[in-house]
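This report is meant for a reader who is meeting the structure for the first time. Please look at the sequence and the model below before reading on.

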Amino acid sequence: MSADQSKTEPAKDGAETLSNLLKEDRTFPPPAEMAANANVTPELVARADADPEAFWAEQAKRLTWGTEPTQILDWSNPPFAKWFADGRLNAAHNALDRHVEAGHGDRIAFHFEGDRGDSRDITYAELTDEVCKAANALTELGVKAGDRVGIYMPMIPETIIAMLACARIGAPHMVVFAGFSADALASRITDCGVEVVITADGQFRRGEPTALKPAVDAACEQCPGVRSVLVVQRTGEKTEMVEGRDVWWHDVVDRQSSEHTPEMFDAEHPLYIMYTSGSTGKPKGILHTTGGYLVGTAFTHWASFDLKPETDVFWCAADVGWVTGHSYLVYAPLVNGATSVLYEGTPNSPHQGRWWEIVDKYKVSILYCAPTAIRTFMKWGHEIPAKYDLSSLRLLGSVGEPINPEAYIWFRTHIGRENCPIVDTWWQTETGMHLIAPMPGVAEAKPGSAQHAVPGVAVAVVDEEGREVANGEGGYLVVKKPWPAMLRTLWGDDQRYVDTYWSRFDGLYFAGDGAKLDEDGDIWLLGRVDDVMNVSGHRMSTTEIESALVSHDTVAEAAVVGASDPTTGQAIVAFVILRESATGREEDVVEELRRHVATEISPIAKPRQIMVVDELPKTRSGKIMRRLLRDIAENREVGDVSTLTDSTVMDQIAKGLKRG
């Protein structure tokens, strides 16, 4: 997604300064056969650029509508967009029924590969039947159109069935990553008023069962509004069931009819809410609606990956608890009638060649994963993938955080065997779909650069005043025009939506990232300009982690920054001031704090490093200068300290960090 962030230095205003290292002379044209048969052509790109609204109206024909839309974009009340507003459709019908009706019911929708090696192929006809039964079960449990349903599930088929069953009956789903804590789950349940939760007894990780149901039980203690919990039996471990509230999936779903008529909903009917970290600490409930989201994700899935649904096997390795899993594991592949891989486990269990074993087994042709995984595979050595037949691969995708050129070349050389274009995608939970990516078959790919806006999308890099910069200059990444899959608002907080995304530059959506245009006009992403960290593709709020640290009775104050990390993209580094009452060895306290953060939020949020300090760098107004702490954490020369109350604080911290 961008160049190596460790080679750029943050400016005082929080944007990233330019570096002559942000250039790349190597380019890779697409294979001749791909270029000759590519989905996206120069003519399509030109058509999209000339009239984006007409182009998106054309793409809307990818869907089956109960009522065909006559409106395209309603931007009469910016920044609140409506796309295809007078159209009516059903997301599950578009993902399932229409393929069965078209005679493709025997096509495999998912190759499921379990953590322990159990596997299952699910056809479109079978998936349709299961979703219909789950939709009938939810209706029996009293779920109606508009009700929010919480999903806290592992990477198993029932998770996707649950999502589509919700969509089928018009109940927006709110999926929470199954690694999050009970408190994180409870806050999300409370914020959007969930009354029914779907979960599992547990999941398998590295061959061992791990319980999930206890976290739901603990969350429900804080959420008395939850009246039903539907539990999938995955591990078979002993599970406490609350009488009158908890029911087993196999008891309720399996006995239902596989007949269910989907209701058509307005294109702007809510499809799902997904919570993402905000720089103010309180997670933001991103609201995605149905019509525009499906149009945008289906098109970009087809275009960015040059998808041939009749022959491709697509593997999006993201967890369904994140937006990548929603858009490019569930909705877009199913709407496009593709065959996908769904994998429950980790990359190194039971061995470090597990992914390549799966690619070989299912003849995966398109692999979409995070640079974090790629850098991990690099660390393990190219000898491991060399043991497997990866000749089925024809295209590789990257998502989640910046991919540095070295990882790009390794991915291309040792996984793509020099014959697979790499599609480096930039987008967000908020955008719903890819906004920047080189189109395979058209673009000459450039390691480290996300390159171009996708057809029909208008992005720019602007300066402090919102003026577009010239080639070779940098600034802030913005989106100039609405796009179909954009978030519609933040759940229950329209004003926060306006303030967060539309207040920095008049009439422009500010993504929160810095960017540069190189001399060719290609876009290089430079990372966040706020205090949200990107750890292995997971956005983490500094405020959220600071709050968790301060909740421990030994901590008086905390400041958290993200520091460049060769494996995870960014790593969490915390600086804490202990209370005078704190006792014990410093090393023991630090380890206890790391465990505490993992318990309060998630193991993903565990700081790589915690430094005990006597004071934090603060301005005279009391603001903690995290920019300076980031300089220390990344071993850079400390920037301007003239605004600090005590300028010697940074020297003390720097010396202490080196000792640690």
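Which residue in E19 does Cys369 stand opposite? In this predicted model, the residue opposite Cys369 is Ser398 of strand E19.

**Strand E18 and its neighbours**

Strand E18, which covers residues 366-369, pairs with two strands, and the table sets out these pairings.

| Pair | Sense | Bridges |
|---|---|---|
| E16 (residues 313-316) and E18 | parallel | 3 bridges |
| E18 and E19 (residues 395-398) | parallel | 4 bridges |

On the E16 side, Cys316 has Tyr368 of E18 as its bridge partner. Between E18 and E19 there is also helix H13, residues 371-380, and together E18, H13 and E19 form a β-α-β unit that is right-handed.

In a regular strand, side chains alternate between the two faces of the sheet. In E18, Ile366 and Tyr368 lie on one side while Leu367 and Cys369 lie on the other, and all of these residues are buried, which leaves both faces of the strand covered.

**Lys82 in strand E2**

A second place to look is Lys82, which belongs to strand E2, residues 80-83. Is Lys82 buried, partly exposed or exposed? Its relative accessibility is 43%, so Lys82 counts as partly exposed, given that this class lies between the limits of 20% and 50%.

Leaving aside residues up to four places away in sequence, Lys82 touches Ile72, Leu73, Asp74 and Glu268. Lys82 and Ala267 are 185 residues apart in sequence, yet the C-alpha to C-alpha distance between them is 8.5 Å.

Notes: Residues are numbered from 1 along each chain as its sequence is written. This is a predicted model: local features need pLDDT of at least 70, side-chain atom pairs count only at pLDDT 80 or more; totals for chains, interfaces and linings use all residues. Side-chain values use heavy atoms; hydrogens and water are left out. Buried means under 20% relative accessible area, exposed over 50%, partly exposed in between (1.4 Å probe, protein chains only). Helices (H or I, at least four residues) and strands (E, at least two) are DSSP runs, numbered from the N terminus. Two strands pair if DSSP finds at least two bridges between them. A crossover is right-handed if, with the strands pointing away from the viewer, the path from the first strand over the helix to the second runs clockwise. Contact means heavy atoms within 4.5 Å.
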